[in-house]
Amino acid sequence: MHWNLYGHDAAVTLLQQHTLPDAMRHAYLITGPQGVGRRSLALAFAKALNCQNPPGPGQFCGECLPCRQIEAQAFADLTIIEAEPGKDLKIDQIRNMQQSLALKPYQSRYRIVLILDFQKATPSASNALLKSLEEPPAHAVIILTADAAESLLETIVSRCELIRLRPASLETSLEALQGLGLGVEEAARLAHLSGGRLGLARRLQEDDGLLAERMEALDHLFELLPLKRRERLQWSEAYLRQKASPRDLVAALLPVWLTFWRDVLIQASGADLPLVNLDQAKEIRAVASQMQADEILPILQAHEAALGQVEAYVNPRLLLENLLLQAPLLRF
Ligand SMILES: [Zn+2]
């Protein structure tokens, strides 16, 4: 029984053992890249801890009230905390959580707090959380997720059971997605697009809007690459005149463009790595054939840097223009 989570067998087995009262710890840290399935694993653990009709030790039924409410992230004894978009995780959010953690559970054995992306916590928020980790109430389980243990205070990591999740291999992703009932072609497309991050693959599958946004971002790029510098700047001006905030508009393009340039580099260098944008293989080949690997790398790095800056205080318009002027004029 896999809790319906593929590719994370070791983590699931460990947490299933931890649902036994003697084995349970009061704090867990689940690390891994965005979309790898950290939240899904935490919610599955919460279900196994609170299920009213577990079919076996460490299992959950998925049908009782706690199971359904946890799945909907609407369970009275489950508090989920995360930073607001583009902001830090603040000390006030930790203090509010600590007040609710002090109360006994309403309807179950454990009061569970899930804090997402704890690498976004301010130093004062981290220090505040330490107190809860040092002296957790007996009925409390605190689950943190983060991109990597290395980005947290060592004193926090050492007080948690550390569970590292890695992206699944292409083969495991394909098997998992076909196991969810997807056809071979669709499973291959999502396995490549998600780079083995099955949480992301499922979000892409469930939300058509995400795939449409990705296609739109790629279409913009294909429209831009054959344009001259001046025309690209005109495009940027028109694009940013839309209703949404310039920051959001640029943030929608960057991660998708980054995956495209990464694919171009893989294609140009002949590396034996799966392409993310398998369905755009023609465009990837066309661009790669017109560029040298040492021309592509700086563009890829500029996109990576821009992705880190767009949430900060950099002017998004300058960021976009800078990227648009880097790529040479290309033909499809
Ligand atoms: Zn249940």
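User: Let's start with Gln178. Which helix is Gln178 found in?

Analyst: Gln178 sits in helix H7, which covers residues 170-179. Bear in mind that we're looking at a predicted model.

User: Okay, and how do I read its exposure? Is Gln178 buried, exposed or partly exposed?

Analyst: The general idea is to look at relative accessible area: under 20% is buried, over 50% is exposed, and partly exposed lies in between. Gln178 has 37%, so it's partly exposed.

User: What does Gln178 touch, if I skip residues up to four places away in sequence?

Analyst: With those left out, Gln178 touches Val184 and Ala187. You can also check a C-alpha separation here: Gln178 and Ala188 are ten residues apart along the chain, and their C-alpha atoms are 9.0 Å from each other.

User: Let's zoom out. How many helices and strands does the protein chain have?

Analyst: You'll find 15 helices and five strands in the protein chain. To judge compactness, set the radius of gyration beside what the globule rule gives. For the 332 residues here the rule gives 20 Å and the chain has 22 Å, which is close, so the chain is as compact as a globular protein of that length. Along the principal axes, the C-alpha atoms fill a box of roughly 65 × 45 × 35 Å.

User: What share of the residues counts as buried?

Analyst: Of the 332 residues, 47% count as buried. The accessible surface of the protein chain comes to about 16,700 Å², and carbon and sulfur atoms account for 51% of that surface.

User: How do I read contact range along the sequence? What percentage of contacts joins residues at least 24 apart?

Analyst: Start with contacts between residues at least 6 apart in sequence, then ask which of them join residues at least 24 apart. In this protein chain that's 71%.

User: And charges? How far apart are the mean positions of the positive and negative charges?

Analyst: They're 4 Å apart, taking the 33 positive and 39 negative charges of the protein chain.

User: Now a charged residue. Is Asp263 buried or exposed?

Analyst: Asp263 has 0% relative accessibility, so it counts as buried. Its place is in helix H12, residues 246-269. For a residue like this, look at what its side chain meets: a polar atom of the Asp263 side chain lies 2.7 Å from the backbone nitrogen of Asn277. Beyond four places in sequence, Asp263 touches Leu275, Val276, Asn277 and Ile284.

User: What about Ser126: where is it, and is it buried or exposed?

Analyst: Ser126 is in helix H5, residues 123-134. Its relative accessibility is 9%, so Ser126 counts as buried. Leaving out residues up to four places away in sequence, Ser126 touches Phe118, Ala121, Leu153 and Ile156.

User: Last topic, backbone angles. What is phi of Gln73 near?

Analyst: When you scan phi, pick out positive values in residues other than glycine; Gln73 is such a case, with phi near 55°. Gln73 lies in the loop between helix H3 (65-71) and strand E2 (78-81). At 36% relative accessibility, Gln73 is partly exposed.

User: And what is the phi of Asp117, and which loop holds that residue?

Analyst: Asp117 isn't a glycine either, and its phi is positive at about 50°. Asp117 lies in the loop between strand E3 (111-115) and H5, the helix that holds Ser126. With a relative accessible area of 10%, Asp117 is buried.

Key:
Residues are numbered from 1 along each chain as its sequence is written. This is a predicted model: local features need pLDDT of at least 70, side-chain atom pairs count only at pLDDT 80 or more; totals for chains, interfaces and linings use all residues. Side-chain values use heavy atoms; hydrogens and water are left out. Helices (H or I, at least four residues) and strands (E, at least two) are DSSP runs, numbered from the N terminus. The radius of gyration is taken over C-alpha atoms; the globule rule is 2.2 Å times the number of residues to the power 0.38. Buried means under 20% relative accessible area, exposed over 50%, partly exposed in between (1.4 Å probe, protein chains only). Contact means heavy atoms within 4.5 Å. Accessible areas come from the Shrake-Rupley method with a 1.4 Å probe; for residues, only the protein chains shown count as cover. Lys and Arg count as positive and Asp and Glu as negative; His and the chain ends are not counted. The place of a charge is taken as NZ of Lys, CZ of Arg, CG of Asp or CD of Glu. A polar contact is a pair of N or O atoms within 3.5 Å; within protein, one must be able to donate a hydrogen and the other to accept it, and residues adjacent in sequence count only if both atoms are side-chain atoms.
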